[in-house]
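Here are my notes on the model you sent over, as numbered points. Have the structure open while you read, and start with the surface before going inside.

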Amino acid sequence: MELPTLKLDWLEKTPTRHKVALLVLILGAMAGGFYYYIAQPKLEAIASLEAEVTKLEAEIQTNTVKVKHLDELIAASRQLEIELAKKKERLPPEDEAVMLLKQLSDLAIRLGLDIKLWKPGNQVEDPSKLFFRLPVNVEVAGGYHTAALFFDRIKNLPRIMNVSDLRMGAPKPEKDRIVIQTVFELIAFVAPPEKKEPAPAGKPPI
């Protein structure tokens, strides 16, 4: 079977300007088809990829900033842990704190202060759960410099002690010295009791 032949005799008889117009029309149709079926999908794919790359770059930049801040927070947290560990070393257990308060009472007497009141209060747990407060209401009488020396000794203790609600009365002559009534609250900071590990359960009977 012979294939049909394409007759182009009519093209030879067509005027040149019509041939040019036909050629332009064919090229235009080819260009339009190329753009619609090939170029446009590629351009859309490229635009989509560019948008995706821009989005990823923004996420990378955001995550980089977050990582930097995270590193700073981790470093600050480690520094706080170190400082907290140092402060915990200065927190005595309860029995040692009670003994230390007794020693301060004896120290006040040795320095020449007359103890009018030494009243321990109830131990209170701090909201942070890191320590307890053991308060003592104190009233002493003595010279101003003697009281100042007593407070200086408290400040330089290796354990954490605090003086609050300090009130001093008017100086009064007493025998051969000037006496000042001093009222304050002395607070000992106490380490929380160590949690005991539960004893291992015995083996079940066979």
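**Notes on the predicted model**

1. Surface first. The protein chain has an accessible surface of about 16,600 Å², and carbon and sulfur atoms account for 61% of that. Keep in mind that this is a predicted model, and that everything below is read from it.

2. Next, the overall layout. The protein chain contains four helices and six strands. Starting at the N terminus, the order of elements is α-α-α-β-β-β-α-β-β-β. Of the 206 residues in the protein chain, 19% are buried. Take the contacts between residues at least 6 apart in sequence: 65% of them join residues at least 24 apart.

3. Strand β3 is worth some of your time. Which part of this strand is buried? Eight of the 11 residues of β3 (residues 132–142) are, so the strand is largely enclosed by the rest of the structure. When you look along a strand like this, remember that in a regular strand the side chains alternate between the two faces of the sheet.

4. Now the partners of β3. Strand β6 (residues 177–190) pairs with β3 in the antiparallel sense over 11 bridges; if you want a spot to click on, Pro 135 has Ile 187 in β6 as its bridge partner. Strand β1 (residues 114–120) also runs antiparallel to β3, with six bridges joining them. There, Lys 119 is bridged to Asn 137 of β3.

5. β3 has a short neighbour in the sequence too. Strand β2 (residues 124–125) is antiparallel to β3 and joined to it by two bridges, and Glu 125 has Phe 132 in β3 as its bridge partner. The hairpin of β2 and β3 has six residues between the strands, and in it Lys 129 takes a positive phi near 70 degrees.

6. On to the aromatics. How many aromatic pairs are there? The count comes to four. One of them is Phe 131 with Phe 189: the ring centres are 5.4 Å apart and the planes sit at 65 degrees, and because an angle over 60 counts as edge-to-face, that is what this pair is. The pair links distant parts of the chain, with Phe 131 in the loop between β2 and β3 and Phe 189 in strand β6, 58 residues apart. Are these two buried or exposed? The cut-off for buried is under 20% relative accessible area, so Phe 131 counts as buried at 18%, and Phe 189 does as well at 13%.

7. Another edge-to-face pair is Phe 151 with Phe 184, at 5.1 Å centre to centre and 80 degrees between the planes. This pair also links distant parts of the chain: Phe 151 is in helix α4 (residues 144–155) and Phe 184 is in strand β6, 33 residues apart. Both Phe 151 and Phe 184 are buried. Add Phe 150 and you have one aromatic cluster, made up of Phe 150, Phe 151 and Phe 184.

8. Last, a serine to look at. Ser 105 lies in helix α3 (residues 94–111). Its relative accessibility is 12%, so Ser 105 counts as buried. What does Ser 105 touch, leaving aside residues up to four places away in sequence? The answer is Ile 115 and Trp 118. Ile 115 and Trp 118 fall within the range of strand β1 (residues 114–120), so you can go straight from this point back to point 4.

Note on methods
Residues are numbered from 1 along each chain as its sequence is written. Side-chain values use heavy atoms; hydrogens and water are left out. Buried means under 20% relative accessible area, exposed over 50%, partly exposed in between (1.4 Å probe, protein chains only). Contact means heavy atoms within 4.5 Å. Accessible areas come from the Shrake-Rupley method with a 1.4 Å probe; for residues, only the protein chains shown count as cover. Two strands pair if DSSP finds at least two bridges between them. Rings of Phe, Tyr and Trp (its six-membered ring) pair if their centres lie within 6.5 Å; planes under 30 degrees apart count as stacked, over 60 as edge-to-face and the rest as tilted.
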